[in-house]
Amino acid sequence: MQTTLAERLSQLWSKIEEAAKSAGRSPDSITLLAVSKTHPPELIRECVHAGCTLFGESRVQEARAKIQESPARARWHFIGHLQRNKVRQALPLFELFHGIDSLSIAEDIQRIAEEDGQRPAVLLEVNVAGEGSKFGFRPENLRGEIDRILSLDRLEIRGLMAIPPFAPKPEASRAYFVKLRELRESLQNEFSIGLPELSMGMSGDFEVAIQEGATIVRIGTALFGERASSAWRPGAPDS
Ligand SMILES: *Cc1c(COP(=O)(O)O)cnc(C)c1O
């Protein structure tokens, strides 16, 4: 890419602002999560200096190493599928867990959070298209499981997250974003709970997601460029 990271960041902020305004929303109601997975700490520092301090990572090990090397004012969300044997390590590292995708992982988090005195904030990942290959609650199952999830008193359930099927055209995601928003509304009403966050929208479709109510957009490629096939590893050279 010819542009600098600071330029791409400011373009992104403008696009987020425009999308928000076109939907009659306040730009302040949308959080940009910079998806830094696979990218080296050098790029994270650059991003922090350019004014964006919130990062999304999808592997605990990789994130832990990067967090140590990053400015203290960087903050971190976990956006991947959390494995049960990584929960204890992960809990102190992340402000929000986007990908809570089954009752059993929620129960593991509850147990470990209780043992370790943690109160993790989480989003429930919904498999909005019912894809067999994807993690996440089926919308039709979530209704049945939500009572059990709500009884896990260590978890602060902040909202829902989804990754629609990949499609080259952003408009193809709209129906799935609508579905997630409507599910949020019906869960809020049926169970008298607040689910303020909707984590949806990535580089290719964040504007549509914002029009449909996203409060967190998770953006990697549009900010950092294409990801290399191999992830950054601690000890490896910085680029
Ligand atoms: C990698 C990733 C993203 C970022 O995708 P881009 O298309 O690079 O913006 C967003 N969300 C999740 C869950 C991811 O794993």
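Where does the ligand sit? In this predicted model, the ligand is found in the largest pocket. A good way to get to know this site is to look at the residues around the ligand and then turn to the cores of the protein.

The surroundings of the ligand consist of V35, K37, I79, M161, I163, M202, S203, R218, I219, G220, T221 and R227. Three of these residues can be followed down to particular atoms. In R218, a polar side-chain atom lies 2.8 Å from a nitrogen atom of the ligand. The side chain of T221 has an N or O atom 2.5 Å from an oxygen atom of the ligand, and for the side chain of R227 the distance from an N or O atom to a ligand oxygen atom is 2.8 Å. On its own the ligand has 390 Å² of accessible area, and the protein covers 88% of this.

Turning to the nonpolar parts of the protein, the largest nonpolar core contains 64 residues. Within this core, the residues with the most contacts are F55, F97, L124, L142, L160 and V217. F97 makes a helpful example: leaving aside residues up to four places away in sequence, F97 touches F78, L82, A90, L91, P120, A121, V122 and L123. There is also a second, separate core, made up of nine residues, with L33, I79, L96 and L123 among them. I79 thus links both views, as I79 is also listed among the residues surrounding the ligand.

Terms used: Residues numbered from 1 in each chain as written. Predicted model: local features only at pLDDT ≥ 70, side-chain atom pairs only at ≥ 80, totals over all residues. Heavy atoms only, no water. Core = buried A, V, L, I, M, F, W, Y, C linked by side-chain atoms within 4.5 Å. Buried < 20%, exposed > 50% of the residue type's maximum accessible area, 1.4 Å probe, protein only. Contact = heavy atoms within 4.5 Å. Near = heavy atom within 4 Å. Polar contact = N/O pair within 3.5 Å; in protein donor to acceptor, adjacent residues only side chain to side chain. Areas by Shrake-Rupley, 256 points an atom, 1.4 Å probe, with all protein chains shown as cover. 1 Å grid on protein atoms, 1.4 Å probe; cavity = no way out; pocket = protein on both sides within 12 Å on 5 of 7 lines; lining within 4 Å. Sits in = over half its atoms within 2 Å of the grid points.
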